[in-house]
Amino acid sequence: MPLRLLPMELEDCHEWVRIRSIAYRGPTSTIVHHRRMSDASFAKVVEGQKKEFYEPGTWHWKVVDMDSGEMVAAARWCAQNFSKSDTEIVRSGSDDTDDNEPPYIPPEVNVPALSALLGPLRQAGEEIMGARPYLMLDTLSTLPEHQRRGAGSMILKWGVEKADEMGVEMYLTSSSMARPLYERWGFEVVRELQFDRTPWGGEGVDRHTCMLRKPIKGKAPTDHTRGLFILSNGERDQHGGDPCVCSPGNPQ
Ligand SMILES: CC(C)(COP(=O)(O)OP(=O)(O)OC[C@H]1O[C@@H](n2cnc3c(N)ncnc32)[C@H](O)[C@@H]1OP(=O)(O)O)[C@@H](O)C(=O)NCCC(=O)NCCS
């Protein structure tokens with residue numbers, strides 16, 4: 001059952017949100033959601049993802065099982081702290097993003113709990129990265145029955161090569177489960193955070209690790225700024241080369 005890394009398409013957003021919601025199930029997700037998400041809320045979350053899909057400086061990847069055709073993993077890479085004014089952005093598709101539009105928060109979400117979870121993670125990211133340009137991994141998710149087959153590594157490999165080519169750092173917040181995987185790809189721990197579930201009626205703590213990877217080779221980031229945004233999701237040939245063959249978003 002070979003896995004293949006492919007660029008995500010707009011139509012994959014529904015499956016991407018579904019995979020994410022399954023992969024992130026657990027005691028923290030239970031706290032962050034008052035109840036299971038309704039179909040209507042789920043559809044709105046998908047719409048939100050679609051609106052963001054063509055944002056410049058983002059790359060969406062999926063991993064497909066070539067025997068079944070099933071999408072088994074997905075993630076988004078985001079370029080952070082790059083100057084948009086220095087770019088020529090070609091937007092296409094259904095890009096009607098309103099930058100001032102707040103992200104949709106389903107009524108099933110416990111907003112104070114979500115803020116308590118994500119607030120410190122966001123703050124840590126800002127403190128650690130400052131204004132330096134970097135590539136950020138957003139919600140890498142693999143369906144449980146397809147984990148440990150190399151799907152996550154395929155998505156990571158693309159990002160590592162991209163960051164090295166651009167000569168920029170990479171930053172992410174890791175779950176406990178993913179930490180050994182990121183360490184294998186050269187990420188180093190820069191800070192550890194804990195989300196205490198007990199004030200929210202849960203048990204134990206959820207450990208998150210802020211991880212950084214320095215570029216191994218590459219040119220100065222400024223040399224790549226223009227190419228970075230031109231080769232964003234606005235153009236479908238952004239990913240370049242042949243696809244590889246080998247191997248708290250919005251949880252429901
Ligand atoms: C972390 C995750 C994305 C890895 O995806 P993957 O497709 O299994 O990745 P790979 O097969 O390339 O890497 C496997 C490694 O990841 C870790 N891992 C993956 N699934 C695991 C599981 N169910 N239990 C424990 N460790 C796991 C292990 O370190 C594993 O290496 P090993 O098999 O040699 O021990 C996936 O497990 C997942 O979606 N987890 C839930 C959501 C999550 O934590 N995402 C990361 C957010 S930062």
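These exercises work through a predicted model of one chain with a ligand.

**Exercise 1. Find how far the confidence of the model reaches, and which stretches score under 50.**

Step 1. Start with the whole chain. Its average pLDDT is 84, and 79% of the residues score at least 70.
Step 2. Look for weak stretches. Residues 86-97 stay under 50 in pLDDT. The model still gives them 27 contacts beyond four places in sequence.
Step 3. Go on to residues 219-252. Their pLDDT is also below 50, with 89 contacts beyond near neighbours in sequence.
Step 4. Decide how to read such places. Low pLDDT means that the predicted coordinates should not be read in detail.

**Exercise 2. Compare the span of helix 5 with the expected span, then describe its burial and its end.**

Step 1. Helix 5 covers residues 151-166, which is 16 residues.
Step 2. From first C-alpha to last, helix 5 reaches 23 Å. At 1.5 Å a residue, 22 Å is expected, so the two values are close.
Step 3. Check burial. The buried residues of helix 5 include Ala-151, Ile-155, Trp-158 and Met-166.
Step 4. Look just past the helix. Gly-167 follows, with a positive phi near 75°.

**Exercise 3. Place Ile-155 in the largest nonpolar core.**

Step 1. This core has 45 residues. Ile-155 is among those that touch the most other members, as are Trp-61 and Leu-172.
Step 2. Ask which elements build the core. Helix 5 supplies at least two residues, and so do strand 2 (58-65) and strand 3 (71-80), among others.
Step 3. List the contacts of Ile-155 beyond four places in sequence. They are Leu-5, Trp-61, Val-63, Ala-73, Ala-75 and Leu-140.
Step 4. Note a separate core of six residues, with Ile-31 and Phe-195 among them.

**Exercise 4. Is Leu-114 buried, partly exposed or exposed?**

Step 1. Locate Leu-114. It sits in helix 4 (residues 111-129).
Step 2. Count neighbours. Leu-114 has 15 C-beta neighbours inside 10 Å.
Step 3. Apply the cut-offs. Buried needs 20 or more, and exposed needs 12 or fewer. Leu-114 is therefore partly exposed.
Step 4. Link it to Ile-31. The two are 83 residues apart in sequence, yet their C-alpha atoms are 8.5 Å apart.

**Exercise 5. Describe the shell around the ligand.**

Step 1. The shell holds 19 residues. Thr-142, Gln-147, Gly-152, Ser-153 and Ser-175 come nearest.
Step 2. Strand 4 (134-142), helix 5 and helix 6 (179-184) each give two or more residues.
Step 3. Sort by class: nine nonpolar, eight polar and two charged.

Technical notes: Residues numbered from 1 in each chain as written. Predicted model: local features only at pLDDT ≥ 70, side-chain atom pairs only at ≥ 80, totals over all residues. Helix = DSSP H or I, 4+ residues; strand = E, 2+ residues; numbered from the N terminus. Near = placed C-beta within 6 Å. Nonpolar A, V, L, I, M, F, W, Y, C, P; charged D, E, K, R; others polar. pLDDT = per-residue confidence, 0-100. Contact = placed C-beta atoms within 7 Å. Core = buried A, V, L, I, M, F, W, Y, C linked by C-beta atoms within 7 Å.
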